[in-house]
Amino acid sequence: MYNFINLIDRIDHILVERKLLLSKQKILIAVSGGQDSIFLLNLLLQLRFHWEWEIGIVNCDHMWNEFSQTASLYVSQLACQMNLNYYQCISPSFYRKEEKARRWRYKLFQRIAYLHDYTIIITAHTASDRVETLFYNLFKGSGLHGLHSLTWKRQIYKNRIHLVRPLLSTTRAELSQIFKQIPIPLYLDSTNLNVKIYRNRIRYQLLPYLRLFFNRNLDRSIAQFAEILHSESLFLETLTQILRNKIEIINKNQRILDIQFIRVIPFGIQRRIIKQFLEYQSIYSFDFCHIEKIRIISNIIIYKSDIYLPGGNRLTISKKYILLCSKISF
C-alpha cells in the first residue's frame, strides 16, 4: 500500500536531486479539481514551509460542461480556505479539440506568471500521462523529441519562467491508492471519459489491454523508457548544436550551412543539424519528410536546387551550401 508521507518524502528528494525548484520561489500551481492536481496541491502545501515558497493557484474553466464549472468553483473555495492567491481563467470560446484548449491554457499560464512575477508553473502530469503522450506522439509519427515531450522541467519564457512536472515518476494508480487513505473531494471532468477523444482511447482502451496481456507495470516501464530517450536526446541535441556552430557561416545577415561537412557525418546527425538550422530561423516546425528530402538532395546535388517549405519558406541547396531564403512574396 502506498503511503502519502512516503510519497511526500520521495517527491521532496526528486525536487532536490533534479534541481526542479529552489527555496523562496514564487510558484503557480495549475489545479483542475481532479485527482492528480488536487494531490499535487496538497503535496506542495506540505512542503511549503520547509521550502519557504509563495504559492498561487490557477484554474481554467473550458466551459465544456457543468462539471468544469463546479470544479472551478471547488478549486476557488480551496484557494480561499488555504489563503492562497487564486487566478480564474474562463474560455472565451468552446474549444472542441483538446490541442487548441491546451495551447490556450498554457498561454494563459505564462501570461499570469509573467504579470504576477511567478518564476515557476507547476502541472500535475504523472508517469501515466507520460506513457499516454508517448503513444499519442508515436502514432502521429513523431521523432525522439515527441516521444519524450513530457519532461521534468523546461523553459517557457526566456530564462525567467519554467514549467515543472514533479510527479513524472508517480503513476496514476499510486495516486488512486493514496486517495483511498485521505478523504478529499474530487471533481472529475466527464469529457475525460469520452472515448471519441483520441487520447482517451489510449487511456481507457489501449493501455488497459497492454497492461492485461503484456505488462501490468507498463506505466513505469514506458515512463523509464521515456526518461532514457530524454537523456539521450539531450546529449544528441547538444552534440548537434556544437557541430552546427562549427559549420554554420553568417554572411550578409544570412545563415549558410556547409554542405560538404554534412555529407561525411552519420544520417541521424545530418537530420538533426538540418532540422536545427531550419527551425532556428523559422517559426514553423518541419516534419521528417521535409528533413529527409533536404538530406537526400544535399547528398546527391550537382546543380543548384530550390525546395519550397511550409510557411512560404524557400530553401536553396547548392554543391557547397544550404541557405534558407526569406519568405516568398507574391
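**Exercise 1. Describe the hairpin formed by E9 and E10, then place it in its sheet.**

Step 1. E9 and E10 form a hairpin with 3 residues between them, where helices (H or I, at least four residues) and strands (E, at least two) are DSSP runs, numbered from the N terminus. In the turn, glycine 311 has a positive phi of about 85°.

A word on the ground rules before going on. This is a predicted model, in which local features need pLDDT of at least 70 and side-chain atom pairs count only at pLDDT 80 or more, while totals for chains, interfaces and linings use all residues. Residues are numbered from 1 along each chain as its sequence is written, and side-chain values use heavy atoms, with hydrogens and water left out.

Step 2. Look at the pairing: E9 and E10 (residues 313–317) are antiparallel over 5 bridges; two strands pair if DSSP finds at least two bridges between them. Leucine 309 has asparagine 313 of E10 as its bridge partner, and serine 305 stands opposite isoleucine 317.

Step 3. Zoom out to the open sheet of 5 strands, whose order is E7-E8-E11-E10-E9 with antiparallel pairing. Its edge strands, E7 (248–251) and E9 (305–309), each pair on one side only. From one strand to the next, the twist averages 25°.

**Exercise 2. Which strands does helix H11 lie across, and which does helix H12 touch?**

Step 1. Helix H11 (residues 267–281) lies across E7, E8 (254–258), E9, E10 and E11 (321–325), running at about 175° to E8. Axes here are lines fitted to C-alpha atoms, for helices over the stretch in contact, and angles run from 0 to 180 degrees between N-to-C directions.

Step 2. Helix H12 (residues 288–300) packs on the sheet and touches E9, E10 and E11, contact meaning heavy atoms within 4.5 Å. The direction of H12 makes about 175° with that of E9.

**Exercise 3. How do the axes of H5 and H8 cross?**

Step 1. The axes of H5 (residues 127–140) and H8 (residues 198–213) come within 10 Å and cross at roughly 105°.

Step 2. That makes H5 roughly perpendicular to H8; angles under 35 degrees count as roughly parallel, over 145 as roughly antiparallel, 65 to 115 as roughly perpendicular and the rest as oblique.

Step 3. For the contact itself, H5 contributes residues including Phe135, Tyr136 and Phe139, and H8 contributes residues including Ile202, Leu206 and Leu210.

**Exercise 4. How many residues does the largest nonpolar core have, and which element gives the most to it?**

Step 1. This core has 38 residues, and Leu15, Leu21, Phe39, Leu41, Trp53 and Ile122 are those with the most contacts inside it. A nonpolar core is a set of buried Ala, Val, Leu, Ile, Met, Phe, Trp, Tyr and Cys residues joined through side-chain atoms within 4.5 Å.

Step 2. H2 gives the most, with 9 residues.

Step 3. Apart from this core lies another, of 22 residues, among them Ile265, Ile274, Phe286 and Ile322.

**Exercise 5. Why is there no bond between the sulfurs of cysteine 60 and cysteine 89?**

Step 1. The closest cysteine sulfur to that of cysteine 60 is in cysteine 89, 4.1 Å away, which is too far for a bond; a disulfide is a pair of cysteine sulfur atoms within 2.5 Å. The count comes to 0 disulfides.

Step 2. Check accessibility: cysteine 60 is buried at 14% relative accessible area, and cysteine 89 is buried at 5%. Buried means under 20% relative accessible area, exposed over 50%, partly exposed in between (1.4 Å probe, protein chains only).
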